[in-house]
Amino acid sequence: MKKFILPMLIVFVQLSSINTAYASNPATQPSSIIVLDATEDFDQLDAGNAPYYIDKGNDALGIDARRLEYRGLFARAETRFNGPSGRYDLTITPMTEEDGEPLYRLLLNGTVVGTYRSSYIGKGNHRDLTAETHTWHGITVSTDDVIGIESNAHTNGEIPENDGTAWARGRWQSLSLAPSKGSATPPSSFSKHKDLLISQFDFQPDADDVHAVAGLGSMLMHPDMKGVNRMAVKGTTGRQGGDYIDARELMELAFGRENLHWTDAKQNPAESVSLIRDRVKAVLAQGGNAWVQEAGQSDFTARWIAALIESGVHESVIKNNVIVVQHSAWNEKQTTPEALAYVKDKATYQAIADGNKAKQVYNRKNRRGPFTPIYVDADKRWLATATSANNSKEHARKLWQKAVEIIDQNDFDAKYSVIPKGGVDFSDNVEIWWILNLGQKVSSVHAFWERYVSDVQLDSIKAPRGRLAIVIDGNSPDPDDLGATPVMFGLLQQAELSDRLVHVSHSCDLDPFRTKGRQYIDAENEARRQVKLQELIGKSADLFGPFSNLRAYYNCRTEQDAARDDLVDAINASSESDPLWIIEAGEPDLIGYALEKAKPEVMPYIHVVSHHPANDNSGDYFEWQQILDFGVTEHQIGDQNVSLQTPINDWDWAKDHPNTGYRFMWEMLAYAEQDGVVDFQTNKFDCSDAGMIYWWITGANSGGNNFANVSDIKDMLLQEMTN
């Protein structure tokens, strides 16, 4: 039987009827999905060096690995394709096996056009003998082509059996052909058991590559990088001008032996092309992927891809298994246009955000690619803590000392860079962040430094002069304020800054039923939120108080004038020596009404802190520019969701904590997660607004940590036990 799947239904028809249909209409173009059953539609099961058998219990083909002579050999099943010629996405359904990770190969007329190594699941995993899928994109298949699938028996050596170890049998169940959707998409994640990471640095003219190599070298000492098969390349320049920085000593210190773990494409271009070609070819042949950290231009990548093709690697294998990740539009512009077009055509090319500066305008359209951390900071403390004698991370310390030395020797003084002023720029490493899916644990310079570079204390309580006002929505569709508010109160208590809080108001979405985007809250849920916010703010004040300068807390929906007037009083009391910092944790309208009524002469002493332009631009009565036009000082600290919208288990420490306040934090975070009005908070705890308080406590615009994570917040909260 052949399963012929139409767009909206599955029809089972005899193989002969499909032959007839195609024969009667040879011009038919691929428009439906064809599924070939491994046990029924592949008529030749012994075309390889070992035969397949039919595993009836798993409805799959497999290799009898009990026979010693079959182990490691490839079995092949073949069938002649009777569908219309065209470009297809071919999806194989292998079975994961705890005892090994077989290699699967797709062949057309005897030529390998796709490779895949099955996922490692490990001993005792519940996924043993379950189906997974892998898709080879954009494969041209013609009528009468012979389609072959090969797999081998493989052992990972982890499952004892008899006098040796158990072997996976290379089982697979089906192969489907769907009309191609176009370009290949990158795999979901880097696989340590089969993939290769290639880090390519130009070192011309910007010194950021020097910092990127020091940063990557620091990472290599951490368990995050354990087991990563890697290679680095120096001097992957394009057509740019400027001075070249020879960082040979740093490359050796970061990566080890030249021509083993790194190569010099500037000094030895042909040898470097050959070395990368051979390593990538071997990885592709074993079903792995080659991921390129393109920290420079793509001219060198184009040369080794061309060498791969010349060596006999099929272009479809390269397109599906070579992923080039580029964070910089400038790097693209400095690549020879023909080389860039070639790389984009032959490989899977992934552009990501550049990691150099935060986006100040919230825009879902025309993004370069996925968001990334910002790995640039002008603060001098980063290099000071990295190179400090108190930094016990010895290897990282030596790397950054060498980086500073090389940059000084080269007299790098570019005005566009923070490096000559003592700052850091390792923005090339956002590509590593994206490739390895490192996520929130290194979502900022601060988090990166703590994890990989230095154990010298970075954060301290050094709040600026002045008082604090917090304006919360919580009655908008997103329930995050329900969880964030107790965290804000707790942080102020632990920092001994409770007396600085002079205003709190909630439900500042003054017209919550006006359509403002993709989310909506109904009247019943909005009323419930108002009650809950009033209740939890009161309990937070009791648990983490006293807040001696907080007269009351206000519901903006039922006490708008009182909330506004309380904020006006706080604004009017401001002076150069006692400014007011307003935390905008929701829509800006109440802030706008208060600024409108307040004394104009105090506006230079008002600071408005925001972490998300989505709040700024969602006012019903005030646009963000109108807020700024009052003359206040704006602080955009970056989207705190990046680090503080986290998996639930990041907060497990608080769930049963002896401190009642911390248990209450967990309860409110859980309440918000279960709120149900929006689905994007499901399975997440979100205290992102509390990131603005943490930034203020740790120095605000004078070095405050603007990308705190849950670990940072936990550290501050647990400095001293309170009940």
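Helices (H or I, at least four residues) and strands (E, at least two) are DSSP runs, numbered from the N terminus. The model is predicted: local features need pLDDT of at least 70, side-chain atom pairs count only at pLDDT 80 or more, and totals for chains, interfaces and linings use all residues. Residues are numbered from 1 along each chain as its sequence is written, and side-chain values use heavy atoms, without hydrogens and water.

Begin by selecting the whole protein chain, which holds 23 helices and 30 strands. Its C-alpha atoms occupy a box of roughly 85 × 65 × 55 Å along the principal axes. The radius of gyration, taken over C-alpha atoms, is 30 Å; this agrees with a compact globule of 723 residues, because such a globule would have a value near 27 Å (the rule is 2.2 Å times the number of residues to the power 0.38).

Next, colour the chain by burial: 58% of the 723 residues count as buried, that is, under 20% relative accessible area with a 1.4 Å probe, protein chains only. In the contact map (heavy atoms within 4.5 Å), residues 24 or more positions apart supply 80% of the contacts with a separation of 6 or more.

Now select strands E6, E11, E8 and E9, which form an open antiparallel sheet in that order. At its edges lie E6 (74-80) and E9 (111-117), each pairing on one side only; two strands pair if DSSP finds at least two bridges between them.

Finally, focus on E6 and E11 (residues 146-152), which pair in the antiparallel sense over 7 bridges. Here Ala75 stands opposite Ser151 in E11.

Notes
Buried means under 20% relative accessible area, exposed over 50%, partly exposed in between (1.4 Å probe, protein chains only).
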